[in-house]
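Biologist: Hi! Could you pull up the model so we can walk through a few parts of it together?
Modeller: Sure, here it comes.

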Amino acid sequence: MDAQSTVVLRLLGPFEVAVDGAIVDCGGPKQRSLLAYLVLHDGEPVNLDTLVRAVWGDDAPDGAVRSLRTYISNVRRLLGPAVELRGERGTYRLDLRSGETDVERFRMAVKEAATVEDPRDRSRILEEAIDLWRGPFLAGIDRSWVQEEEAILGWERQRAVAAWAEATIDGGHPDRVIPVLERAAVDAPLDEHICGLLMRALYGSGRQADALAVYRRLRDGLARDLGVEPGLELQALEEQILLHESAMSSPEPRWLLPSPTTDLVGREAEVEDLLARIEQVRVLTLTGPGGVGKTRLAIEVGRRISEQGERPVFFADLSTISDESAVDTILASSVRVQPHPNSGPLASLIEYLRPRRALLIVDNCEHVAATTARSLAALARSCPQVTLVATSRAPLHIDGELEWRTPSLALPKEEDASIEELRRWPAVELLLKRAPSAFELTEANCADVVDLCCNLDGLPLALELAASRLGSMTPAEVVAALESRLQIAQADSSGETRHETLDATISWSYELLSERPRRLLDRLGVMSGQFLFEDVLSVCVPQPGSADVVRGWLSTLVDQSLLMAETSGPRTRYRLLETIRRFALDRLGGDDQDVRRRHAHHYAALAEREAASLLTREESDAVGELSAAHDNLRSAVGWAIETGEIETASRIVASISDWGYFRSHYELSRWARWVWEAATPGGTRWRAVCGSAARGAWIEGQFDDAVRFGTAATAVGTVIALSAHPDDCVADIALYRGDARSALVHYSRAAEQAKERGDAIREVWGTCYVALTNAVLRRASEAIEAATLALAVAREIRNPTLLAFSLYANGLAVKHREAPEAISMFEEAVRMADSVANDWFGGIARMELASTRTGHGNLRGGFQDFASVIDHWHRAGDDTQLRFTWRYLVRALSDVGLPDDATILSGALLVESSSVLSHPHPQLVAELKEVLGDSEYTRLTVRGSIMSMPELVTMSLDAIARALGDGVSVREA
């Protein structure tokens, strides 16, 4: 060996010796055990008896010492001048000279990271240290001393993983650590530090319900196994997450994208190319066959851009829809924009995005290409700062579109390449990463691996499907099984061969399944988006059977890469890649309608069950389940209406009003109108359907329609949702039109009746409205009395939405008497509403918070709140609440010396006759006239009266920027 050679001894995994980067043969198991033990005791003299036990254990043969000396001679010859191995007085001592161990490198890196302040640098150093681990410590050497050392190093690795996760979270990328922490939490379920980090990561990735579920599992486990509660630090963390405290926010802006279940392999050059092109074009379409990796590349590009923090990144997945009329709804929902009154989802989306710089990724466009092309063309024309990235099997033919043909993974070109060189080819790298851990690339099979990658055209999905079979078949057997099928498919093809390659590979993998898993996959085709094991049992298993057997079938599909399993949460959620889902649906055949019926009935039952949970202290969990089921609920409603199963659609529409309207899923309003028009009046759900339709129209500002829907209800019928009582909607409209007394009469009666029948939830709801209407009527004492009563009952129920409403009512009641107390109430209401993603109550509490702060001296905080609330209502499409916000803003702008802006907004409010309650106070109007003079006041009010809602939004945000006086564009802040 050359004196200058670099020797690395690797113990973090199977024992290896690398000389100048190449692995060398270091002998049989006993010689490896000897060398590993000496390396671990570098610089220490070790006696012969100890070495014999280290190599043979307690069963050493008679000639063990002689064999040991032979092994030592071999080691000296193997490592040469890189080490010194001396024997003296019955001992041996190894001294590393130019050699090093991965254990020492790991420990030094961990030590270095502890001195680094920047969390991103600390994360990088720790990640490099953790990457040194290739598997269990000295895997394959079964000796007691290995187990002892493994316990020590395993603990060190666990602490390093925790430190890396904490640094990565602090650096603004919590989504990266979730899979790692999930696995760590499984290995150490009662480790409070690991569980706390996992809670932070899940919360930071927008998954509050999952974060709280981690806490509950730990709490239950500690109580069951140790009889103790989580520590005070973890209890405080749970409360922070529950209340959405600002301290939980990441220091960097983050924009949620789908979380891939696997890493991206061999695509660095493509990602860099796409990032460069995005800066040069407005519309970029990634084209190529299914399975080539378009979606994964688009997500990675979005992630890289989001890390820069310069613009928001939105993601719209069109794969779950079949109705082209839903395209614009999905596009708008991806940005959390809801349609404004008299304006469709696309127009509302354009209004919102026009002044903003953003990136919108639209995935899986091919099956709704014509509609998607029209919508994206309109966005490109109207939103000059928005960049569009689409994925489709073919270009969309939009003006200015750049087609980027997604290449397959690069294939080996040299037949005589070494194994190490082959590993670096992206197609081979992916195949090896996805193959079972027992599979190895060897001299004997490398040519067959190359053939397999080439036969599959380097298609990522095809490679993953083939890789899953390498645990039971050799590469040569896989090649042989695929070869004739691929030749037939490509011979019959008149298009691109990669389409046929993937189809043939999926078909081959499908046919290798046994009958039951194959039939299960067919039925899974009806599932949209995510689904749970319980959903599979109910929808896709017609005959009751063993749950363990069905779980085994699902595991088979996951193992064969035909089904994706996402485990970064309290329960495994499954999903099908769109290519596989369409393949499965094509084979469902005559069972199609039966399975779809089961699907619709199952999700109707789920909607009813979770809607009831929305009214309990477990509201957060129910919101998470309904949100995860959104795609399937949409599919179920669409099928039920299309096939005339109005009762099934009614079950969904009648139950999820609180989830839909309080969480800005206003698509529910369209469903409710469909059902209202198709259903026959009467029946137990008709009243709730009328209420759901009325509430949707009310939120959209269609007051006449809301009254029509609400008054069509029967007097008797079951209503689950708080927001779906039709009489309440009619009373709310009376209130907004200026008839507060009628609303007070209605809600006083509702609260009394609820109390008589012991319905505490309805009692709190009605009593909050009693407080609200009394506040509008300037009856402060009555408002305070009602609000206090409502809050007392709500605290017993512990439902977050009821608590938010009660706190809001209390703040409103004392707003003009005790401003500090009102601010505190509004702030707590915001936290409670945010804890269950209740956009509506969070919005009205923020609106009052902004008004109270600006009215009592906190101008900067109040005006920033106004900007946030205006953006919120504009995005949600709630013009009614926008007007209420502007009513308060008029007073604030006038108070800071901006009468022109205040008067323009006054003109916009006064022209709207349907909501008298949002008109500015007559005294304020008189003040503005006095300051400006009648002529100027009239000119400015007329100007405001003819401005559109988007123009008013822009104008009001610009006025806030002037009020702040620092030139910051609040719209972009």
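Biologist: Let's begin with the sheet that holds strand 4, strand 5 and strand 6. In what order do the strands come?
Modeller: This is a predicted model, and in it the three strands form an open sheet in the order 4-6-5, with antiparallel pairing.

Biologist: Nice. Which strands sit at the edges?
Modeller: Strand 4 (46–47) and strand 5 (83–88) are the edge strands, as each of them pairs on one side only.

Biologist: And how many bridges join strand 4 to strand 6?
Modeller: Two bridges join them, and the strands run antiparallel; strand 6 covers residues 91–96. Take Val46 as an example: its bridge partner in strand 6 is Tyr92.

Biologist: What packs on that sheet?
Modeller: Helix 1 (residues 29–40) does, touching strand 4, strand 5 and strand 6. The direction of helix 1 makes about 70° with that of strand 6.

Biologist: Back to the strands for a second. How many bridges do strand 5 and strand 6 have?
Modeller: Six bridges, again in the antiparallel sense. Within this pair, Arg86 stands opposite Arg93 of strand 6.

Biologist: What links strand 5 and strand 6?
Modeller: They form a hairpin with two residues between them. Arg89 is in the turn, and its phi is positive, about 55°.

Biologist: Speaking of positive phi, what can you tell me about Arg336?
Modeller: Arg336 has a phi near 60°, which is positive in a residue other than glycine. You'll find Arg336 in the loop between helix 13 (327–334) and helix 14 (345–353).

Biologist: Is Arg336 buried, exposed or partly exposed?
Modeller: Its relative accessible area is 46%, so Arg336 counts as partly exposed.

Biologist: And where does His397 lie?
Modeller: In the loop between strand 11 (386–392) and strand 12 (401–405). His397 also has a positive phi, about 60°, although it is not a glycine. With a relative accessible area of 68%, His397 is exposed.

Biologist: Let's switch to helices. At what angle do helix 37 and helix 38 pack?
Modeller: At about 160°, with their axes 8 Å apart. Helix 37 spans residues 780–797 and helix 38 spans residues 800–814. That angle is why helix 37 counts as roughly antiparallel to helix 38.

Biologist: Left-handed or right-handed crossing?
Modeller: The crossing of these two helices is left-handed.

Biologist: Which residues make the contact?
Modeller: From helix 37 they include Ala783, Ile784, Ala787 and Leu791. From helix 38, Leu802, Leu803, Ser806 and Leu807 are among them. By class, the contact has 13 nonpolar, three polar and one charged residues.

Biologist: Okay, new topic: is Ser375 buried or exposed?
Modeller: Ser375 is buried, with a relative accessible area of 4%. Its place is in helix 15 (residues 369–382).

Biologist: What is Ser375 in contact with?
Modeller: Leaving aside neighbours within four places in sequence, Ser375 is in contact with Val327, Asp328, Leu331 and Leu346.

Biologist: How far apart are Ser375 and Gly458?
Modeller: They are 83 residues apart in sequence and 33 Å apart in space, C-alpha to C-alpha.

Biologist: Last one: where is Leu212?
Modeller: Leu212 is in helix 9 (residues 208–225). Leu212 is buried, with a relative accessible area of 7%. Between Leu212 and Ser123 there are 25 Å in space, C-alpha to C-alpha, and the two are 89 residues apart in sequence.

Methods: Residues numbered from 1 in each chain as written. Predicted model: local features only at pLDDT ≥ 70, side-chain atom pairs only at ≥ 80, totals over all residues. Heavy atoms only, no water. Axes fitted to C-alpha atoms, helices over the stretch in contact; angles between N-to-C directions. Helix = DSSP H or I, 4+ residues; strand = E, 2+ residues; numbered from the N terminus. Parallel < 35°, antiparallel > 145°, perpendicular 65-115°, else oblique. Left-handed = near helix turned anticlockwise from the far one by under 90°. Contact = heavy atoms within 4.5 Å. Nonpolar A, V, L, I, M, F, W, Y, C, P; charged D, E, K, R; others polar. Buried < 20%, exposed > 50% of the residue type's maximum accessible area, 1.4 Å probe, protein only. Pairing = 2+ DSSP bridges.
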